[in-house]
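Q: I have a protein model open and do not know how to read it. Can we go through the features one at a time?

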Amino acid sequence: MKDRRTHFDKLNTLLFGKDLRITKGEQYKEEREFDYTSYYPVEKYIKPQAAPERNVYRVTDFGAVPNDVKVDNAPMINACIDACFKNGGGTVLVDGGDFTSRTVELKSGITLFVEHGSSIIAHESGEGFSHKTLIYANGCKDITVTGGGTINGNGHLFGREPLYPENLTEPDEVIDVIKMRRDYRAQLRFAHPSKYGRIISFEDCENLSFKNIILFDSAYWTCRLTRCNNISFEDFVINDNRHVCNTDGIDLMQCSEVEIKHCFISCADDGIVLKNAIWEGCSGGMSNIYVTDCEIISCTNAFKIGTETTYPISDVLVENCSFMMTDLYPGSVSGISIESVDGSEVFNITARNNTMNRCTCPLFIRLGNRNRAALVNEQSATAVEFGVKPQGGGVDKNSFDFKGELHDVLIENITAKDIELPVIIAGFKEKGRTKYVKNITLKNISLEYRKAKEVYDKRSFIPEYAKQYPECWRFRNLPAYAIWARHAENISVESFSCTPARSTWKQSFIFDDVK
């Protein structure tokens, strides 16, 4: 690969570079080497667990049949849940094997107990799933999912064949962000029309506990919670196929009072992501999110706020976590991304005492003006998942235009190794108006690049990308290696070190329109 981009190369990438997306072809069901992480310390998180002895309803007593993929056990499991609910609640016990099923609907006061060594598995057809999910609840309270067993989404069955014939594990000789982004997308299984949805989706619920349970191989966002409150995740494992497109780990939307503690997540898309968008059914703020003692392997962003953000997100603390990529190339897109691009106010965000390894960009703080609510509604928002241009906005174009704010962020005690991009802090300028990221503190930060050659790609200007999907790779090969900041106000940097670990044409720090 060339280590210098010519003027023609620059023009070509600027004018003709498009995101790779495969929209034709049959289902691709093969599982490849390194689809799933080779680092999988499941024994640290999941333990055999004795089932309760009282108020227990066993699914096999209602006709459920284990270890037969031809049987849809959803009617039997749901009948078991109904009986448990009508008798005041209790434990629905899944034991004795693997139970193929379509949508299971939980109710208030139910503990879904999947025994260690047993599982609920999504039906291979992808047909007949209501609410686009395997495990669903709506308007419920006091639900627990536990037991030490597995809920299997069979997600690898519902994508198309990737462009590349095998997964990449080794980096290029010359590091180029443009090539890196294409390499990532060329390994993805983009959605086939048979794709049914998520493993878990709860709406308007409260007092939820996910403890000592494995979610495996999701087809879409693995665990989506919308308008839910008082949520606990502990000893919780997500182990997805890392090339199934759009398989986030935990998605929280308009959820407050949340603790995510001692969890392991490995997935293709964002590991833990906070969203709060009108087209996702959100209508108010979310706050008080606490994440601690987690290991996250993500092909995109380990921890992220955004991108679907129209309503406020505040009071978030992420600490004592490890963000990494183990055995694939490229590494994670970012360790921490904090974004407001659709009109949301994002503020009072703290991340401290976290480590990163092979996260391309350690920290991405981005205020933009994509204003997606004017382009999509609840029905059209998922169109892009299948390579279709969204049609139909949900609100007037002025409802969230230029409304976004991003301020009061503290990042401290961060160590990141084998990075490829600087810390990026960026507001935007559009139509003669500038919006600033404000009050950002970076303290005790240690960054170290991977030893490698890098492409010489010095540009005369860097576009604003205010309307584009927010992603650190979007800014390409930036001219700074430690911090690149633009349209920012009140930035404090203390005890910040960055080791390039290679010969570079870049400056250490660039502050453009920083007050």
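A: Begin with the radius of gyration, taken over C-alpha atoms, and a globule rule of 2.2 Å times the number of residues to the power 0.38. With 515 residues, a compact globule would have a radius near 24 Å, and the chain has 23 Å, which agrees. The C-alpha trace spans about 70 × 45 × 45 Å along its principal axes.

Q: What kind of model is this, and how are residues numbered?

A: It is a predicted model, in which local features need pLDDT of at least 70 and side-chain atom pairs count only at pLDDT 80 or more, while totals for chains, interfaces and linings use all residues. Residues are numbered from 1 along each chain as its sequence is written, and side-chain values use heavy atoms, with hydrogens and water left out.

Q: How many helices and strands are there?

A: Helices (H or I, at least four residues) and strands (E, at least two) are DSSP runs, numbered from the N terminus. This chain has 3 helices and 35 strands.

Q: What share of the residues counts as buried?

A: Buried means under 20% relative accessible area, exposed over 50%, and partly exposed in between (1.4 Å probe, protein chains only). Of the 515 residues, 61% count as buried. Ser 334, in strand E25 (residues 332-340), is buried because its relative accessible area is 0%.

Q: Which residues does Ser 334 contact?

A: Contact means heavy atoms within 4.5 Å. Leaving aside neighbours within four places in sequence, Ser 334 is in contact with Thr 300, Asn 301, Ala 302, Cys 359 and Cys 361. For the whole chain, take contacts between residues at least 6 apart in sequence: 80% of them join residues at least 24 apart.

Q: Where is Thr 307, and is it buried or exposed?

A: Thr 307 is in strand E22 (residues 301-309), and its relative accessibility of 2% is why it counts as buried. Not counting residues up to four places away in sequence, Thr 307 touches Glu 339, Val 341, Asp 342, Arg 370, Tyr 469 and Pro 470. A polar contact is a pair of N or O atoms within 3.5 Å; within protein, one must be able to donate a hydrogen and the other to accept it, and residues adjacent in sequence count only if both atoms are side-chain atoms. One such contact, of 3.4 Å, joins the side chains of Thr 307 and Glu 308.

Q: How many salt bridges are there?

A: Side chains of opposite charge can pair when their charged atoms come close. The rule asks for a side-chain nitrogen of Lys or Arg within 4 Å of a carboxyl oxygen of Asp or Glu. By this rule the count is 30. One of them joins Asp 251 and Lys 275 at 3.2 Å, N to O. Asp 251 lies in strand E17 (residues 250-253) and Lys 275 in strand E19 (residues 272-276), so the pair ties together parts 24 residues apart in sequence. Both Asp 251 and Lys 275 are buried. A network of salt bridges links Asp 248, Asp 251, Lys 275, Glu 308 and Arg 372.

Q: Which residues form a nonpolar patch on the surface?

A: Patches are made of residues with over 30% relative accessible area and no salt bridge; like charges are joined within 9 Å, nonpolar side chains (Val, Leu, Ile, Met, Phe, Trp, Tyr) within 5 Å. Val 493, Phe 509 and Phe 511 form one, with about 250 Å² of accessible area together; such areas come from the Shrake-Rupley method with a 1.4 Å probe, and for residues only the protein chains shown count as cover. Phe 509, in strand E35 (residues 507-514), counts as partly exposed because its relative accessibility is 34%.
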